[in-house]
Amino acid sequence: MTVPVLSVRNLEVEFLTRRSTLRAINGVSFDIAKGEVLGVVGESGAGKSVTGLAVIGLIDPPGRISGGEIYLSGTRIDHLPPEEIRRVRGKRIGMIFQDPLTSLNPLYRIGDQIVETIRTHMSLSETAARKRAIDLLAEVGIPAPDKRIDAYPHEFSGGMRQRVVIALAICAEPELIIADEPTTALDVSVQAQIISLIKRLGRDHGTAVMLVTHDMGVIAETSDRVAVMYSGRIAEIGPVQDVVQNPMHPYAKGLMGAIPTLAGEEKRLVQIPGSMPRLSAIPPGCSFNPRCAFAFDRCRVDRPEPLKQGSHAVACHLYDTAPSDTAKETAA
Amino acid sequence: MLAFTLRRAIQAIGVMIAVGVIAFSMFRFAGDPVNQIVSLDTPAAEREAVRKSLGLDDPVPVQFARYFANAAQFKFGVSYQFRQPVSNLLMERMPATLELAACATVLAMVFGILMGVYSALRRDTILTKFFQAVSLIGISLPTFLIGILLIYLFSVTLGWLPSFGRGDVVRIGWWTTGLLTLSGLKALIMPSITLGLFQMTLIMRLVRAEMLEVLRTDYIRFARARGLTTRAIHFGHALKNTLVPVITVAGLQFGSVIAFAIITETVFQWPGMGLLFVQAVQNVDIPIMAAYLLMVSLIFVTINLVVDILYTVVDPRLRSTIRRPA
């Protein structure tokens, strides 16, 4: 099998506070293959964005990567010195942030910002870089790119600005794009355009995409595989069809049950009781156990590790093949 | 853009007319000007002659119109104490004040921005703490005290720098400059520091606060995610965004540097407009006081106008809102 573009192994991220050390990411592992889109879902604070920032090396103090390894096409990148990780950012990993309105420097023409990024990573002349910038703008669907290249960010709409941001993220042909909630700040019709743009770019260039979002609809539409995160861990990871239609982890079940459908009869949507624990008060054992309808004794003491279950990997004792004394609920 | 500039220029003229009214009313409320000119034993007939020759027996509106028409041509009447036209006196003194103010402002801008940027980027170094301490002194110590301390240290104790005056000056046309002679430059050092220290600390604190603010923004985070060099991020992206408010403050401060040069000029006996003004106050020389008031307001108003226009050069977002006023 070929080496995955991104391989994250047992990643741990900590934030040092005056009182204690908070562990935001606790043993996360996943791979993304070339041309594959991995969706990462979860509630706010589950650690989705922090995982993305850790991969690109932008965890700022007081946060730090405290354990695990990150490999980009086989090379380890999580312990590189600042100057070398800087060369990786933008060049080999592109990043798209949530809010296109604030992602661009308001005082510079978008062309200058793209040319600056291109020339940081590629040895091109000013004119060649400008030509490439125009091509990039055309590729992300900006009309009349040769004119718009000299416009300032405030002269674009939100959707158009996100296209510019995407052009900036892909301008050095990265192997991996990390998109951190790229559609959250946009209205629904523009969301669909941006999603199909990211999908098309990933397909055309064979770029791996890590798509962080809390929108299951976006995931279902775009991703090949999906990882469901809960309080700094991956609860379930697997092919998107399987996870959406046949979730196994009780939390994933709850999430999928909370998606309204147009076709279905009018039933009350399933609701997961309670809320995600704060980082300072993560319960022992499975961190989901206080909210889980299926929790049994072992869940309160023993932390479940992700185990392969067919196409999925699930971190839940319900599916542990080792015999347990408590009765199991019916699993699909 | 043109309409915007014109609109601002008209507002500026309005301000100048208002200041003119105040300057003119000084003549009416600071006692009878004739008493200032003639001696105590001048006969009444002679006093009336003087009054008539100065046009002081005309109705007030006529006097005001005449004063204003003259002021617009930079004719401010004759000084009571020097018996010379005020405009000549001001012109003679202006180069000294402008050179001092420009030096102080350049000093304040250069060191203020450098220290501000440094202390924002290297927050916990000893040098930053030192800058913070210096800025505290600059903000809190009164100007005259700093001047006197400098004189004590560098003129009295060490004897390196002259304690007063402007040194040798070179005349270029009507302008006299101390920048071309060694003694002129030496004489400029301490007054510039005294006058610029407050502005410097102000700019430093402003740059530091703005820079810290800008470094937290999304576009800086995105610039880092694009892999730009730290240098490009700090000095290309962050600094330019920091400078928008700095321009306003520095511009307005240039006005107050000229206006508050009075204290520094008095401490160092600097032969500028401020010293002239202080002497005028002591001798109730109203034409000079009124003219000085008008000059300073003209400088303020002009600087305001320039700052407004400069904004649009730095920030493209303002250009479009000005082009299409809401």
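This is a short walk through two sheets in chain A, the contact between chains A and B, and an annotated span in chain B.

Before you start clicking: the model is predicted, with local features needing pLDDT of at least 70 and side-chain atom pairs counting only at pLDDT 80 or more, while totals for chains, interfaces and linings use all residues. Residues are numbered from 1 along each chain as its sequence is written, and chains are lettered from A and ligands numbered from 1 in the order in which they are written.

**Stop 1: the four-stranded sheet**

Select residues 6–16 of chain A, which is strand 1. Helices (H or I, at least four residues) and strands (E, at least two) are DSSP runs, numbered from the N terminus. Strand 1 belongs to an open, antiparallel sheet of 4 strands in chain A, ordered 2-1-4-5; strands pair if DSSP finds at least two bridges between them. Strand 2 (21–32) and strand 5 (75–76) of chain A sit at the edges, each pairing on one side only.

Now add strand 2 of chain A: 9 bridges tie it to strand 1, and the two make a hairpin with 4 residues between them. Label Leu11(A) and its bridge partner Val28(A), then Phe15(A), which stands opposite Leu22(A).

Next, show helix 1 (48–56) of chain A, which lies across strands 1, 2 and 4 (63–72) and runs at about 110° to strand 1. Contact here has C-beta atoms, placed from the backbone, within 7 Å; axes are lines fitted to C-alpha atoms, for helices over the stretch in contact, with angles from 0 to 180 degrees between N-to-C directions.

**Stop 2: the eight-stranded sheet**

Still in chain A, find the open sheet of 8 strands with mixed pairing and the order 6-7-8-3-9-10-12-11. Its edges are strand 6 (93–96) and strand 11 (307–309) of chain A. Zoom in on strands 7 (176–180) and 8 (208–212) of chain A, parallel and joined by 5 bridges; Ile178(A) has Met210(A) as its bridge partner.

**Stop 3: where the chains meet**

Show both chains: the contact takes 20 residues from chain B and 23 from chain A. On the chain B side, helices 9 (218–225), 10 (230–259) and 14 (316–323) each give two or more residues. Helix 9 of chain B gives the most, with 7.

**Last stop: an annotated span**

Finish with residues 94–311 of chain B, which an unreviewed UniProt entry annotates as "domain: ABC transmembrane type-1". UniProt positions follow the numbering used here, feature names are shortened, and annotations may be inferred rather than shown by experiment. The span is 79% helix and 3% strand, with its end C-alpha atoms 28 Å apart.

Note on methods
Contact = placed C-beta atoms within 7 Å.
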